[in-house]
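Biologist: I'm new to this structure and would like a close look at one part of it, the aromatic rings. Could you walk me through them, and tell me what surrounds them and how far to trust the model?

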Amino acid sequence: MTMRSRCAGATGLALAILALAVGAAPAVAETAAMSATDADLVSVTLDGDAMSLRIRDAGQVARDAPGYDPAEVVLGPNGGLSGRVPATSALAFLGPAGQPVWSLSAGDTGFPALDTTGVPVGSVTEDTVTLSLRSVEGPGTFTAYRLAGVERATALFGSGTNLPRSLRLPAATRTDGVVWAFDTAGDYRLTLTASADLRSGKAVSAEATYRVRVPAIVPAGQVLPPAALPPAALPMQSQPDSRSAAAEPRPIAAPKPLAAPMAKAAPATGMTTATGAQQVIADGHVDMGPQLSGDEWTIRIKDDRSSPAVWRETADVVLWIKDNAKITVPAGADFLGDQGDPVWLLPQSQQPGIVWPGWNTQHESVVSGVKGNVTWTLKGVDGPGRFALFLTGSFGKADVLFDSAASFPQQLTVPLNTHAHGNWAFSKPGLYRLAVQMSGTTTAGKAVTDTKTLTIAVGDSTDPTDGLGSGSGSDGDGKDQGSGGPLPRTGAGWVLLAATVGVVLVVAGALLVLLARRRAGPTRESS
C-alpha cells in the first residue's frame, strides 16, 4: 500500500481550527493564485506592541519566513475538493445531507493551519489570541470547522445560522487540519481580526481581508454540462483508487506550491541529536524521519517539544497513548473494528494532552543528499491488538495507509521535504512494536536503508517504561542490532508464519511417535 500526500476525504478525524476566505471582486493583475496545501492561512505575529495578520505559503512555512498580505493573493479555484454533506450528525452544520459543498483544501495531509507561533508565551493575557470573523461577502454560506475524531467535527465559525463568529487560539501554537467549506460557487471576501491584550493591559489587534474563488461544485459522480462551469473554474482531477497491492508503493503527491515553487527546507540550525536520554512522550509533537551522514542513513525521532528540536534515537523513545485518546468505533469504520468497540486513536491534527506523531523527510542532509523519493516500509507489528494508520479529509472517506490485519511488507512513497501526519489507531491496550524501514538513494547513486523499531505504549494500564530499549538500531542492510532482539513480524504475515511453523511441529511430532513405535516393536519380540 502507499500513501499520497493527499488525505482522502473523511467521516471524521483530524483536528483543525478556523477559517477565512476571500473573493467578491474579480482577480486583479497584481494578485497571485494560492493553494491552501500546507499553508498558514492565518499567521499572527506580535512585534513589541504591534500585531500583524499574514498568510504564509508552504515554502514560507518550511523556512519560517514572513508571509504575504492576504490582499495580495486569491485562494482557489484550483486545488480544492468537491463533495456532498455526509449523512451524519457530525457535519450537520454544513447543511442537509447530500448538499454539494466545496472545501478549500483538497483533502490532503497538507491541511492548512492557524499559526500563532509569532506570539510568544507570556506576552499576552491568558496566552490567548482571539480570531474573529468580522464580515463575509459572497453568494453562499461559508463554514470553518475541524474534524476532531471519527465522526466528530466542530464548527469553528462561519456565516451560517447559529454558527459562532470568533475563536480563541492558544499563543505560540500552530494548529493544522483546518477545513473551509463553501456551498455556492463564486467569489468570497472574508474579513478577519486577530486581537489580544498585552500583559501591560494594552489592547492590540490586526485585520485582514481574504479572498477565495470557489469553482463550480461538482461532487464525484456528478458531471455538469460545460455551460454550467464558470469561466474561472477548472475541472477537478479525478481521484485514483486508494487501494493497491500491499507491496506496491503508492506515491504521495508532492506538496503543491502556492505563490511560488516550494523552497528547499532551511538547514536544521540549532537542532541537536541526543543519545542515551530515554524519554516517554505522552504529549506534544514528534516526527519520525531519516538523517544522512556521508553514507550512513539513520531513522530517528525529532522531538519538537523543546526549541530547538532534539533528534532522539528510536531506542530511547516510547510514545504513550493514554486513555484520554480512547474512543468507540463509529459505524462505517470497519477497518478500526466493530461498531462500539474501543479504539485508542491519535488524530492526524494536534490535540492538547495527546502525543502527535508524524513523519518527515525534511532534514537538510536528506533534502540535499538524496535524489528521488523515500520509501517507508512497515515490515511488521508486534502487539496485543490491531494497528492502523490512515488519513482523513473533509467529506467522509478514509485512506488506510498501514493495517496490521493485512500482509507485510506494506509501503508508502514519501517525496523529499515532506512533513505529514495521519491517524494512528490501536484496538487494545498494551505494548506495540512497529518494525519500520526507510530507504532512499543518495545523489551519488548509493542505495541506503535503515530499519528501526518504533515502540508505542497504549492505555493507562500499560507501563511505558517496559518498552524502553526496544527501538534497536540497524545496519545499512536493515539487519536489526542492539538490545531489541529480532524485528517484530506480526499481523497476517506473522499468522501465516506461525501456522507454517505449527504444521512443521505437528508433522515432526508424528514422525517421532512413529519412529518410537517401530523401535519398540523388536524390543517386545526379544522379550
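Modeller: Of the 527 residues in the protein chain, 52% are buried, where buried means under 20% relative accessible area, exposed over 50% and partly exposed in between, using a 1.4 Å probe and protein chains only. Keep in mind that this is a predicted model, in which local features need pLDDT of at least 70 and side-chain atom pairs count only at pLDDT 80 or more, while totals for chains, interfaces and linings use all residues. Residues are numbered from 1 along each chain as its sequence is written, and side-chain values use heavy atoms, with hydrogens and water left out.

Now to your rings. A search through the whole structure turns up 12 aromatic pairs; rings of Phe, Tyr and Trp (its six-membered ring) pair if their centres lie within 6.5 Å, and planes under 30 degrees apart count as stacked, over 60 as edge-to-face and the rest as tilted. Take phenylalanine 182 and tyrosine 188: their ring centres are 4.8 Å apart and the planes meet at 55°, so this pair is tilted. Phenylalanine 182 and tyrosine 188 are both buried. They also belong to a cluster, in which ring pairs link Trp102, Phe142, Phe157, Trp180, Phe182 and Tyr188.

Tryptophan 359 and tryptophan 376 make another tilted pair, with 5.1 Å from centre to centre and 50° between the planes. This one ties together distant parts of the chain, since tryptophan 359 sits in strand β24 (residues 355-360) and tryptophan 376 in strand β25 (residues 370-382), 17 residues apart. Tryptophan 359 has a relative accessible area of 1%, so it counts as buried. Tryptophan 376 is buried too, with a relative accessible area of 1%. One ring has a charge for company: lysine 322 lies over the face of tryptophan 320, 4.7 Å from the ring centre (the rule asks for NZ of Lys or CZ of Arg within 6 Å of the ring centre and within 35 degrees of the ring normal).

What about the surroundings? The protein chain has three helices and 32 strands, taken as DSSP runs (H or I of at least four residues for helices, E of at least two for strands) and numbered from the N terminus. Two strands pair if DSSP finds at least two bridges between them. One open sheet has four strands in the order β3-β2-β7-β12, with mixed pairing. Here β3 (50-56) and β12 (174-176) are the edges, each with a single partner strand, so one side of each has no neighbour in the sheet. Within it, β2 (residues 40-47) and β7 (residues 113-118) run parallel over four bridges, and serine 43 has aspartate 115 in β7 as its bridge partner.

Another open sheet, of five strands, follows the order β22-β23-β30-β26-β27 with antiparallel pairing. In that sheet, four bridges join β26 (residues 387-392) to β30 (residues 423-426), and phenylalanine 390 stands opposite asparagine 423 in β30.

As for trust, pLDDT is the predictor's confidence in each residue, from 0 to 100. The protein chain averages 77, and 69% of the residues score at least 70. Over residues 223-270 the pLDDT is below 50, though the model gives this stretch 112 contacts beyond near neighbours in sequence; a contact means heavy atoms within 4.5 Å. Residues 471-501 also stay under 50, with 73 contacts beyond four places in sequence. Where pLDDT is low, the predicted coordinates should not be read in detail.
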